[in-house]
Amino acid sequence: MKAAVRTRYGPPDVVRIAQVDRPAARDGEVLVKVHATTVNRTDCGLRAARPFIYRPILGLTRPRRTVLGTEVAGEVEAVGPGVTSFRVGDRVFGFNGTSFGAHAEYLVTREHGMVATMPAGLTWEEAAAGTEGSHYALSSVRAAKVRGGQDVLVYGATGAIGSAAVQLLKGLGAQVTAVCDTANLELVKGLGADRVVDYTAEDFTRDTQRFDVVFDAVGKSSFGHCRRLLRPRGTYLSSDLGPLSQNPLLVLVTPLFRGRKVVFPFPRENQEMMSYLRRQLESGAFRPVIDRRYPLDEIVEAYRYVETGRKLGNVVVVVRP
Ligand SMILES: NC(=O)c1ccc[n+]([C@@H]2O[C@H](COP(=O)([O-])OP(=O)(O)OC[C@H]3O[C@@H](n4cnc5c(N)ncnc54)[C@H](OP(=O)(O)O)[C@@H]3O)[C@@H](O)[C@H]2O)c1
């Protein structure tokens, strides 16, 4: 089968299209014929082994797994022994954050991993773009225990995580203030934001409103800069480690003072979360934003674009046009 392969860490052009063996479904596994996948920031980090702490997990000098790709939408081609939840021909989608492999014509995934049947009315591309940003967004929102009626600010509301966060927060009944650039104010209002702040026209950290939660979904702020935006027992969330990789440490220290605190979840693959996201997609409460589409043969271009840090929502890779 055709796959996007990389055998060393590095920039986008370490990835090349090659013929590799098609995987087979073993006990409890499902073989998926991939229709669409994405290139996301996780793929970029894994490809380059950045941050360096990825290396003990991925392979110290070279990657153990050569095919990346965490998000998938496709058809079940075969099921391994013991699989009862899926049948050949089912349209499925999912997230494979530990074994990857979606940048290929076929992928094997665990029946009890983050995989579900696709809701009716969703395209392959929408389904493929529906699990990574939303999974990180939901993990963060849940870690902060956001409740209906709370005021939440989302910084970076046009990324994959931010655009999902705005929609999922509205689904929970939060009042959402979203920060984005001038060109995307209308798009972000359309995602449900109650108020939008143009970061090119004003410094959002000087805003006069106070929030229960500030969610930096683009990883470009710090707790120090956002602290004044928080109510006395408010929570600062970030999708990134912070400029000095300080967020995991602040998670341990800030609760000791019983005031404003930092929460930094390490998202786990969780079937309940997959069911929740599926319901949000099915009801239309969540629709992934799709920016560009690339054929699998042009995946290196997709990587280059994602690495600009300027994508709008998600970048889809079409494996079977
Ligand atoms: N914790 C994890 O495991 C995990 C997993 C995946 C990703 N991440 C991190 O999460 C972050 C977000 O990833 P993503 O894929 O959602 O999006 P992304 O590709 O990082 O963000 C793209 C969006 O951010 C906007 N943006 C760029 N600079 C901005 C700024 N200074 N203020 C406000 N918006 C800005 C861009 O719009 P404009 O250019 O129009 O402003 C663009 O729409 C990344 O830092 C990534 O490394 C973490």
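Biologist: What makes Arg320 count as lying over the face of Tyr106?

Modeller: Keep in mind that this is a predicted model. Arg320 lies at 5.0 Å from the ring centre of Tyr106, and the cut-off for a charge over a ring is within 6 Å of the centre and within 35 degrees of the ring normal. Arg320 is therefore listed as lying over the face of Tyr106.

Biologist: Which ring does Arg142 lie over?

Modeller: That one is Tyr276, with Arg142 at 4.9 Å from the ring centre.

Biologist: How many aromatic pairs does the structure hold?

Modeller: There are four aromatic pairs. One of them is formed by Phe223 and Tyr236.

Biologist: Why is the pair of Phe223 and Tyr236 called tilted?

Modeller: Two values describe a ring pair: the distance of the centres and the angle of the planes. For Phe223 and Tyr236 these are 5.9 Å and 50°. Centres must lie within 6.5 Å, and planes under 30 degrees apart would be stacked, over 60 edge-to-face. An angle of 50° fits neither class, so the pair is tilted.

Biologist: What does the pair tie together?

Modeller: Phe223 lies in helix α7 (residues 223–226) and Tyr236 in strand β12 (residues 230–238), so the pair links parts that are 13 residues apart in sequence.

Biologist: How do you know whether Phe223 is buried or exposed?

Modeller: Its relative accessible area is 8%, and buried means under 20%, so Phe223 is buried. Tyr236 is buried as well. Phe223 can also be placed against Ser238: the two are 15 residues apart in sequence and 8.7 Å apart in space, C-alpha to C-alpha.

Biologist: Why is the pair of Phe264 and Phe266 called edge-to-face?

Modeller: The angle between the planes is 90°, with 5.3 Å centre to centre. Edge-to-face needs an angle over 60 degrees and centres within 6.5 Å, so the name fits Phe264 and Phe266.

Biologist: Which of these descriptions, buried or exposed, applies to Phe264 and which to Phe266?

Modeller: Phe264 has a relative accessible area of 12%, and the limit for buried is under 20%, so Phe264 is buried. Phe266 stands at 61%, and exposed means over 50%, so Phe266 is exposed.

Biologist: What makes β10 and β13 the edges of the open sheet?

Modeller: The six strands have the order β10-β9-β8-β11-β12-β13, with parallel pairing. β10 (195–198) and β13 (261–263) each have a single partner strand, so one side of each is left without a neighbour in the sheet. From one strand to the next, the twist averages 20°.

Biologist: How do you know that β8 and β9 pair?

Modeller: Five bridges join β8 (residues 151–155) to β9 (residues 175–180), and pairing takes at least two, so these parallel strands pair. In β9, Val179 is the bridge partner of Tyr155.

Biologist: Why is strand β6 called mostly covered?

Modeller: Of the five residues in β6 (residues 106–110), four are buried. Strand β3 (residues 29–39) runs antiparallel to β6, with five bridges joining them, and Leu31 stands opposite Val108 in β6.

Biologist: What makes the approach of Tyr199 to the ligand a polar contact?

Modeller: An N or O atom in the side chain of Tyr199 is 2.5 Å from an oxygen atom of the ligand. The cut-off for such a pair is within 3.5 Å, so this is a polar contact. Backbone N or O atoms also come to ligand oxygen atoms, at 2.8 Å for Ile161 and at 2.6 Å for Lys311.

How values were computed:
Residues numbered from 1 in each chain as written. Predicted model: local features only at pLDDT ≥ 70, side-chain atom pairs only at ≥ 80, totals over all residues. Heavy atoms only, no water. Phe/Tyr/Trp six-rings, centres within 6.5 Å; stacked < 30°, edge-to-face > 60°. Helix = DSSP H or I, 4+ residues; strand = E, 2+ residues; numbered from the N terminus. Buried < 20%, exposed > 50% of the residue type's maximum accessible area, 1.4 Å probe, protein only. Axes fitted to C-alpha atoms, helices over the stretch in contact; angles between N-to-C directions. Polar contact = N/O pair within 3.5 Å; in protein donor to acceptor, adjacent residues only side chain to side chain.
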